[in-house]
Amino acid sequence: MKLIPAVVLTLALATPLTGCGEDQPAVCSSVDDLQTSVDEVRDIDVTSSGALADLESGLEAIGADLSDVESDAKTEFSSQIDAVQASYDALAASLDAAKESASAATLSAAATALSTFGSDVRTLITDVQETC
């Protein structure tokens with residue numbers, strides 16, 4: 001059973017971005033860590049039997065990295081961080097719903113939430129990296 005279509009997952013999170021250079025603000029490093037966590041989630045084989053658990057674990061890492069970005073970015077990127085946090089929360093809730101009752105509706109909702117999250121996190125990462 002496919003938990004979330006691999007194409008949606010790949011498209012939602014696939015955007016390799018360049019890292020920040022030396023002697024940069026802390027937010028540059030924390031956004032690089034966020035990119036790494038997003039890449040690791042993107043690489044999950046969503047057709048595997050443990051995909052949902054891997055996605056949940058990956059989201060926990062992303063959540064921790066988001067917290068670091070928020071701390072480091074202060075108010076400069078608050079609107080982007082708020083958007084990412086809201087879409088992250090929606091994605092986590094949709095994955096919980098899919099875990100409790102896997103159906104076409106819950107999996108579709110998770111795919112939609114994943115797409116929104118992917119878009120929001122790419123915007124945040126791009127905006128931060130433009131300042132690095």
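**Notebook: helices and their packing**

I began with one pair of helices, and I noted that α2 passes α5 in a left-handed crossing, where left-handed means that the near helix is turned anticlockwise from the far one by less than a right angle, and right-handed that it is turned clockwise. I keep in mind that this is a predicted model, in which local features need pLDDT of at least 70 and side-chain atom pairs count only at pLDDT 80 or more, while totals for chains, interfaces and linings use all residues. Residues are numbered from 1 along each chain as its sequence is written, and side-chain values use heavy atoms, with hydrogens and water left out.

**Overall fold**

I looked up the secondary structure of the protein chain and found five helices and zero strands, with helices (H or I, at least four residues) and strands (E, at least two) taken as DSSP runs numbered from the N terminus. Buried residues, those under 20% relative accessible area (exposed is over 50%, partly exposed in between, with a 1.4 Å probe and protein chains only), make up 39% of the 132 residues in the protein chain.

**Helix α2**

I read that α2 covers residues 26–42 and reaches 25 Å from its first C-alpha to its last, close to the 24 Å expected, the expected span being 1.5 Å times one less than the number of residues. Among its buried residues I listed Val27, Cys28, Val31 and Leu34. The axes of α2 and α5 come within 10 Å and cross at roughly 150°, where axes are lines fitted to C-alpha atoms, for helices over the stretch in contact, and angles run from 0 to 180 degrees between N-to-C directions. The two helices are therefore roughly antiparallel to each other, a word kept for angles over 145 degrees (under 35 is roughly parallel, 65 to 115 roughly perpendicular, the rest oblique).

**Helices α4 and α5**

I then turned to α4 (residues 78–100) and α5 (residues 104–129), which pack at an angle of about 155° with their axes 8 Å apart. That makes α4 roughly antiparallel to α5.

**Core and one loop residue**

Which residues touch the most other members of the largest nonpolar core? I found Leu34, Ile62, Leu66, Val69, Phe117 and Leu124, out of 28 residues, in a set of buried Ala, Val, Leu, Ile, Met, Phe, Trp, Tyr and Cys residues joined through side-chain atoms within 4.5 Å.

Last, I located Lys74 in the loop between α3 and α4, and at 60% relative accessibility Lys74 counts as exposed.
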